[in-house]
Every structure is written in C-alpha cells, then in structure tokens.
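Ready for some practice? Work through the exercises below with the structure open beside you, and try each task before you read its solution.

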Amino acid sequence: MALTRYFAPLAWLDDGPRADVLIEIDSGRFSAVTPGVEAPADAQSLPGLTLPGLANVHSHAFHRALRGRTQGGRGDFWTWRRQMYQVAATLDPDSYHALAVDVYTEMAQTGITCVGEFHYLHHGPDGEPYGDRNAMGAALIAAAAEAGIRITLLDTCYLTSTVDGKPLEGVQRRFGDGDATAWAARVDAAPAPPPHAKRGAAIHSVRAVPADQIPSIVDWAARREAPLHAHLSEQRAENDACLVYLGRTPTEVLSDAGALGARTTVVHATHLTDADRTELGDTDTAVCFCPTTERDLADGIGHARALVDAGSPLCLGSDSHAVIDLFEEARAVELHERLRTERRGHFTPAELLRAATQGGHTALGWSDAGVIAPGARADLVSVALDSPRTKGCDPAAIVFAATGADVRQVIVDGRVVVPA
Ligand SMILES: [Zn+2]
C-alpha cells in the first residue's frame, strides 16, 4: 500500500481536537501526524472533525434481530432472554453470516473500526456440532471482513444454565461444549485467524461456567496472551444465586479462579460491592459498560466513576444492539451517573472518547489502535460538524453532540471503508 496523505481541518490528537493536521499513512499505519500545517496540494481532505477508530467491545450480533421487536414489551431481563433464545434457535452459519454482515456494516457506518464478538452460538439446533465445529465463528469473522472492520472473536465457554450447575436445556444446548477442555479443543481446531481478526476467550458468566472450569479458560488465554472477557453481575439474581451456592460474589469467584488481570475485561459490572470494585481496580481489570442495553433490559446503573477511580480502564459495547452508536454509549456513561447521583460532571468528554477508542481497542487485544499517532493502525473516523445535530457544537465536546449518523467517512487500517 503506497503512502497516502490526508489533511484534517480538525483531528483528535492525544486528548482533544487539533487544527490543520497532516496525516500520512503507509502500509495501513500512520507514518506521520503533523498538526498546524497548511494543506499540501496532494493531500485528500477529510470532512469535519476526524477521530480515532471506535471500538465496540461487546457484541452479540444475533441480538440485533430483536431491535424494535421486544422494546415495547413488559417484564425484565429474563423475559427478554426467552425472546432472544427464539432468535438463537433459528440461525445457521449462512443465515448468521448474512445477519452479521448487516450488523457489522451498521457498525462501520457509525465509525466502529473493531468489534469484540462475544460468541456463544456455536453448535447446531440440537447441540450437535457442525461438520466444521467452528462454522458459526468463521461466519462472523468473514462477516467482519465483508463489512471492512476488525474483529476479536471472543469464543465463549458456556456449560451450565444455573449457578448450581443445572445442565443446558432447549436452545442453550447450542451454546455448550460439555466442559472447558472440550471448549479449548474446539477453539484450537479453528485455523489461524486472518489479518483482520484475533481470537480471544470468554467465560460467559459464573452462571454458565462452574468455578472449577474457569481456570482452564484462564490458562488458555494466558498461554496465548489473548483477551479474556466475562459477563459480571449484570443481574442481581446472578449475585444472589452465587452467594447462596458458592458463598461468594461473582467477582470473588472470578478472582479466586485467577480470571482477573490486565488482559481481562468484565462486561456490565452493574451490581458490585465496594470490595468487588476495589478488587477489579487493583488487578487492572477493564470494565465494559453497555449503557443502551443496560437501560433497555432494566439492568440497573453501574458505578462507572467508582470503578475507574479504583483503577479499572473503561470501555464500551453495544451488546444487544438495541442501538449501535458508540457516541450514545459514551455519553450515556456520564448521563446515567447524573441520574444516579443527581450531580453533573463525572467524566470529561476526553475520558469518554478514550473509552470509545483506545480503551476499547486495548480491551480487544489491538493495543496498536485507537489513537491518531505515528506507528498506530490507520483508522480515521470523520464526523460532520455541520449536521443538524452537530452544527455549532464545541468540537472538544463532540461526544455529547454527535450520533453515528454524523459519521461521514471511515478508514480502517488505511483502507476507505465508508467513503465521504
Ligand atoms: Zn452480553
């Protein structure tokens, strides 16, 4: 790939917008980034404000099929889950591929350059493996390539239906591998991922993975220095069952199994004790908030500021894809804190944007992405500053004004994925 030069009237460098930035790209990476220069004649102009690539850390692509179909209903998370299982029952590798291409294309169009797919829909309708045991995962990796974004396939171990170890039933049988050893054997049978993809591991939750199986998954990820993700305390019912049957909080179960650490990201982290938050922070475990899903499913509001203050890096996901818009996820972290505390100003716009960019890419194992700086992967997301939503806004506070619909151009690894 030859040297390409772009000129941005405004680009987000370090922690804020800088004017008149010349951005040079060589072989998919930034070779030079120079603010405060005149536009060279041979440079292509970028519209509006150009941001680093956004990373969507937590996705279940098939949940997208529920958008606009479940929101009008009543009940709680568990009511919704029954409807989600009905969708899971219908998909095969071909139909899942087609659905995921649409989902990931929507992500690309809204400035998401990398997705973390928390993938547990592994097997056929009766739980029988496909001929290629990783056919569903391969369909997702191929879908990301078609959409033009990177993917970290977080292959998810899912073994039981309750904390006390009840076996999987009904559609859940599609998720299960039997035990963690068989899970690892299946994952290892997959071919090496193509350049746009990485493989990581996920513990579905303490509900779905018995405590004695967790260390095998931790070990698999450690040996590969791969990301390790887990749902954590999204629902009070999970906490209650965990305390009854295991005598510990879900965070303590993960900690005792060695699952926390700098390569680990816990998702939701909604209902935690102060000691849980201290443990996550002390171990440098990242936290992924998914505010649009958490509000849709009536999960509750996690204490994002307290987690970050404890030491946990923050990142963001659209999870069930009721909404795919990382700007909305980012500002919702701050706005939900306001609702909870009746005070404003918990996170700066720069902190929120960092969670949506560098924080997310790091949590997905792409620590060389999410910033506009020499050597980094050349992702550029240009946002209109003249749309009905963004006109007149302070570019430094773009995260409070823009939506995914204001994204005008997207470049991933130096390649134009969404043309201006
Ligand atoms: Zn999830």
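**Exercise 1. Find how the donor residues of the zinc ion are spaced in sequence.**

*Solution.* Step 1: the spacing reads H-x1-H-x170-H. Step 2: the protein donors behind it are His58 (NE2), His60 (NE2) and His231 (NE2), lying 2.0 to 2.2 Å from the zinc ion. Donors are N, O and S atoms within 2.8 Å of the metal (3.2 Å for Na, K and Ca), and water is not among the atoms, so sites may look incomplete. Step 3: place two of them on the chain. His60 sits in the loop between strand E6 (54-59) and helix H1 (77-88), while His231 belongs to strand E10 (residues 228-232), so this pair, 171 residues apart, links distant parts of the chain. Helices (H or I, at least four residues) and strands (E, at least two) are DSSP runs, numbered from the N terminus.

A note on the model: it is predicted, so local features need pLDDT of at least 70 and side-chain atom pairs count only at pLDDT 80 or more, while totals for chains, interfaces and linings use all residues. Residues are numbered from 1 along each chain as its sequence is written, and side-chain values use heavy atoms, with hydrogens and water left out.

**Exercise 2. Are His60 and His231 buried or exposed?**

*Solution.* Step 1: recall the cut-offs: buried means under 20% relative accessible area, exposed over 50%, partly exposed in between (1.4 Å probe, protein chains only). Step 2: His60 has a relative accessible area of 2%, so His60 is buried. Step 3: His231 is at 8%, so His231 counts as buried.

**Exercise 3. Which residues have the most contacts inside the largest nonpolar core?**

*Solution.* Step 1: a nonpolar core is a set of buried Ala, Val, Leu, Ile, Met, Phe, Trp, Tyr and Cys residues joined through side-chain atoms within 4.5 Å. Step 2: in the largest one, with 113 residues, the answer is Phe62, Tyr104 and Leu254. Step 3: helix H2 (residues 93-109) supplies the largest share of this core, eight residues. Step 4: look around Phe62. Leaving out residues up to four places away in sequence, Phe62 touches (heavy atoms within 4.5 Å) Met84, Val87, Ala88, Leu91, Tyr96, Leu99, Tyr120 and Leu121. Step 5: there is also a second, separate core of 15 residues, with Tyr6, Ala8, Ala11 and Ala378 among them.
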